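Thanks for coming, everyone. Please bring the structure up on your screens, and we will go through it contact by contact.

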Amino acid sequence: MNRNPIDRRTFLQGAGAFAATLPFGRFAFAAEPAKPKELIVRVWGGEWKDAIDGGVSQSFAKATGIGIKYDETEDNELQPKLWAAVKQKRRPPVAVNWDTTTNATKSALKKMGEDLSDLPNLKGLLPVAQPLGFEGYPLVNVYSYVYVLAYRTDAFPQGAPKSWKVLLDPKFKGRIALYNDGIGFHPAAQVAGGGKVEDIPKNMKAAWDFIGKLKAQKPLLGEDPDFTNWFQKGEIDLACTIVTNARGAKKNGVKVAWTIPEEGAKVDTDALWIPKGLPANELYWAKQYVNYALSTEAQQGWCDGLGLPGVNPNINPPADMVGDPAYPTKPEDFKKLIRVPNRIQVENEKEWFGKFKSIMQG
Amino acid sequence: MGASVMLEALEGIRATLWPRAFKRFTGAMLLLPAVALVLVLVAGLAWMGDASLHLLDTETFETGADYTAANYRQMGGQATYWIVLGRSILGAAIVTLVTLVLAFPYAYVMVRTGSAWTRKILLVSLFLPFFIGQVVRAYGWLIILGKEGLLNSLFGILGLGPFKMIYNYPSVLFGLVQYLLPFAVLLIAPAVTAIDEEIELASESLGAHWLRTFRHVTLPMAKPGLVAAALVVFTLALTDYAMPVILGGGTNDFIANAVYDAFFRISDSGLGSAVAIVLVLIATLLAAVILTVLGSGTLGFSAERR
Amino acid sequence: MSTVRSKAVVLWTVVVLNLILLAAPTVIILGASVTTGNIIAFPPEGFSLKWYGKVFASVVLREAFVRSLWVSIVCTVIAVPAGTLAALALARYRVRFAKLLQLYLLLPFTVPLIGAGMGMLMLFGELGILGELWPVGLACCVINLPFMIWAVLASANALDTDLENAAANCGAAPLQAFVTVTLPAVAPGIITGALLMFVLAFNEFLVSLLLTDANTVTLPVSIYNSIRNVITPDLAAVSVVYILVATLAIALLDRWVGLEIFLKSK
């Protein structure tokens, strides 16, 4: 199934133009560098893989003849392998890493990634595409996503819950779920606990107090697939999770909806980046892959699959996400959402993680 | 004939390379390959030991060049680690006890049964679960014990429940018992085989209740197997990672989960190494206690045993 | 008579409980693999073999299966001699620092697998052997080695020392005594150990995860990765294929050497 066939000639013209615009440097070959047989791209599996495969990889492969092979290792688990490879000057296990921006930022701080500033398709992207606090583009953000409050519609006949405080309702004891590192929940907890977003990371007492109260509610803690699974198996009524998981459960026939409570919800991004240490020709084609992934056609197909707003402003939302507050595109949409700069996230993650664990494992 | 000629030739090579005068060292020589293999782990431990002595700078995500005990201090100062460690040790102890209690009768019946078919069925039942990995087996239990799972729907027919049977501490221990049971039986069975049935029969014919015979004759004689099983089950349960993740619902972590979190979730290999090394030390210490208190079990030497 | 019956009742109650414990997940997985639905569920929705079709059609899974076979073979081939010799040394010879040595040989079980995996990732990376398959087999051998040692030790303990001495006294050369007396006596332990090593290597995912890449991914790593993403019935189907292969292997073993060999030495 190829949802977005692109005209082979158009793409190659683009690629040729790309090489021609660079007067010097390693791309200044008369002809394009030798094509590798395949490129390895790290992806999350399931719907995530289907989305990038249908939206980006298949058309890229068709246009270039380069096969795309997937490495489905979790981003967290691939990271030490990548770091070890770059440090030991070995060829990295993947050519393109689809990663959370937080993890990609850590790698960028360690100077693990190739600079992507010369990709032509960076022009015209939303500002959110650019990583903050770096010179150039050691990574490029590809879409935004919101940590929504997902709920089982059966449990809420009156309609969507208004506030994150619903998690403290004794009725839902043992029937709520969060990510097992608390990720995505801190800003919401900070506001729901009576604190201010501006006080992150200096004074987060409100957030910790709120999470402390939540511990008494015996939450389940898990990862992306767990949420879908738990909704399907009737284990939970409420969860703080990425909208994609709730949408996935809904598509599978589970009666699930989501909302952005009055306190707001955290918005974050995922990124693509290319680790150092690839052979020159593979680097060239890996860059072409990333460049193509940012094009309007590819972004449209990829983000349709995910139900998430891409960084390319020219794409249209999928039908079921039109007008959804969890599909922010305009500045006023973003006002309801809370963004924690990734550098702050990265610098404080260890401490936040430790605190969250000490509350939940206590 | 060919085989014996070859054996003779090999004997010649052996005699040249390993004359009888070296006999004293034969034991050490035989141990060499295994010792060398474990050396791979020791190299890893050395790397972790070094990593654990450097502190991660979260502004650059590089580890500092200075040697420091900060990772160990941080671990020691955080109550979470002690709670999780205590939970792991207690859990491993309970799992060991329950597993042995379940495994011994199974091994006993398997060895003693007069029916070859019974023995075969018991053996095959033991081996088959090995072929479905730990993770998939744990997911099987989620389907059986979940809120809308098989058991709860049976209870529902009887008008009971639904009960919450998973995502708690007991379900983690249950999963571990179920996972480690076949290992325990396989280590106990040879020890039971070695017991002369006549001795048991003699005890019973003298009027001893079978439970007394079990306690005073069978169990002591099977001790080598029980100790080996205890060591294996205890250390594997103590260092397990998967069961707490799948059956614990995220709030019943064992210490190996803390190692995972440090290495993978917060990208702090120094802290992860420190936790791992503390775990190795504690597990080794407890294994030493088991060895000393219970005797060396199947791992013993012929001289000690007889 | 009544005590004999009470013994049988108690023992068999525990055995049946064990059998249920051992069999339940297998039965569930078997059932879940034939569902027509998209999620693992029991009882299954309807009956279809579509997930088996998906499994057999998957080139990725097939390649991973072949790699896992290779990893298991490497693991077993290294473990059998190393573990057998070590076990015999521990059972037959006076070794210095025996207790310390025992604890040393227990390291594979006391080092958490993630630590072991990280250590080997760094070591193998440094040696430039990552990306090949045999180091994965070596790794699986190292982390499971105590099973091999103990399986053989269990047999060696049941072995009569007098027999070996008799052979030696009759003038049998050391190697000859070893091959004709010692080895046959511990054969059950070697077979049990070899089978365990093979199967455990075939199922190992945590250390293998760190030592493989997209070109060398093994079956358990592939299964683990998909479980981390989305849990679909094809995983159940893969497991059932495992079980069928295992049943066949066990049946052949029974035919050729007899399953009794696990319990009794010749």
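Start with A:E282. Is A:E282 buried or exposed? The relative accessibility of A:E282 is 9%, so A:E282 counts as buried. Keep in mind that this is a predicted model.

What does the side chain of A:E282 meet? The partner is A:R91, in a salt bridge of 2.2 Å, N to O. This pair links distant parts of the chain. A:R91 sits in the loop between α3 (75–87) and β3 (96–100) of chain A. A:E282 sits in helix α9 (residues 280–293) of chain A. The two are 191 residues apart. As a general point, side chains of opposite charge can pair when their charged atoms come close.

How many salt bridges are there over all chains? The count comes to 24.

Here is another. In chain C, C:D234 and C:K54 form a salt bridge, with their closest N and O atoms 3.5 Å apart. Again, the pair links distant parts of the chain. C:D234 is in helix α12 (residues 234–256), and C:K54 is in helix α2 (residues 50–57), 180 residues apart. Look at accessibility too. C:D234 has a relative accessible area of 15%, so C:D234 is buried. C:K54 is at 46%, so C:K54 is partly exposed.

Now to a pair between chains. The side chains of B:R265 and A:E223 meet in a salt bridge of 3.0 Å, N to O. Why does this pair join two chains? Because B:R265 lies in helix α13 (residues 255–265) of chain B, while A:E223 lies in the loop between β6 (220–222) and α7 (224–232) of chain A. Both ends are tucked away. B:R265 is buried, at 10% relative accessible area. A:E223 counts as buried as well, at 13%. And the two belong to a network of salt bridges, linked with A:K357, B:D253 and B:D261.

Zoom out to the whole interface of chain B and chain A. On the chain B side, 31 residues are in contact with 37 residues of chain A. The area buried between the two chains is about 2900 Å², and carbon and sulfur atoms give 48% of it. Which three residues supply the most on the chain B side? They are B:F61, B:F264 and B:R265, with 22% of the area that chain B buries against chain A. So much for area; next, the polar side. Five salt bridges cross this interface. There are also 16 residue pairs in polar contact, both residues at pLDDT 80 or more. Two elements of chain B, α4 (79–112) and α13, give two or more residues to the side that touches chain A. By class, that side has ten nonpolar, eleven polar and ten charged residues.

On to chain C and chain B. Here 99 residues of chain C are in contact with 103 residues of chain B. Together the chains bury about 9600 Å², 80% of it on carbon and sulfur atoms. In chain C, C:L22, C:W150 and C:L263 lose the most area to chain B. Those three make up 8% of what that side buries.

How many salt bridges cross between chain C and chain B? One. B:K120 and C:D254 form a salt bridge, with closest N and O atoms 3.0 Å apart. Polar contacts come to eight residue pairs, both residues at pLDDT 80 or more. Which helix gives the most to the chain C side? Helix α1 (residues 2–32) of chain C, with 18 residues. The chain C side divides into 76 nonpolar, 15 polar and eight charged residues.

Next, C:E126. This residue is in helix α6 (residues 113–127) of chain C. Its relative accessible area is 62%, so C:E126 is exposed. The side chain of C:E126 makes a polar contact of 3.1 Å with that of A:Q88. For scale, the C-alpha atoms of C:E126 and C:L248 are 41 Å apart, with their positions 122 residues apart along the chain.

Last, cysteines. The disulfide count over all chains is zero. C:C140 is in no disulfide, and the nearest cysteine sulfur, that of C:C75, is 5.7 Å away. At 1% relative accessibility, C:C140 counts as buried. A:C303 counts as buried too, also at 1%.

That is my tour. Over to you.

Terms used:
Residues are numbered from 1 along each chain as its sequence is written. Chains are lettered from A and ligands numbered from 1 in the order in which they are written. This is a predicted model: local features need pLDDT of at least 70, side-chain atom pairs count only at pLDDT 80 or more; totals for chains, interfaces and linings use all residues. Side-chain values use heavy atoms; hydrogens and water are left out. Helices (H or I, at least four residues) and strands (E, at least two) are DSSP runs, numbered from the N terminus. Buried means under 20% relative accessible area, exposed over 50%, partly exposed in between (1.4 Å probe, protein chains only). A polar contact is a pair of N or O atoms within 3.5 Å; within protein, one must be able to donate a hydrogen and the other to accept it, and residues adjacent in sequence count only if both atoms are side-chain atoms. A salt bridge is a side-chain nitrogen of Lys or Arg within 4 Å of a carboxyl oxygen of Asp or Glu. Contact means heavy atoms within 4.5 Å. Buried area is the accessible area (1.4 Å probe) that two parts lose on being put together, summed over both. Ala, Val, Leu, Ile, Met, Phe, Trp, Tyr, Cys and Pro count as nonpolar, Asp, Glu, Lys and Arg as charged, and the others, Gly among them, as polar. A disulfide is a pair of cysteine sulfur atoms within 2.5 Å.
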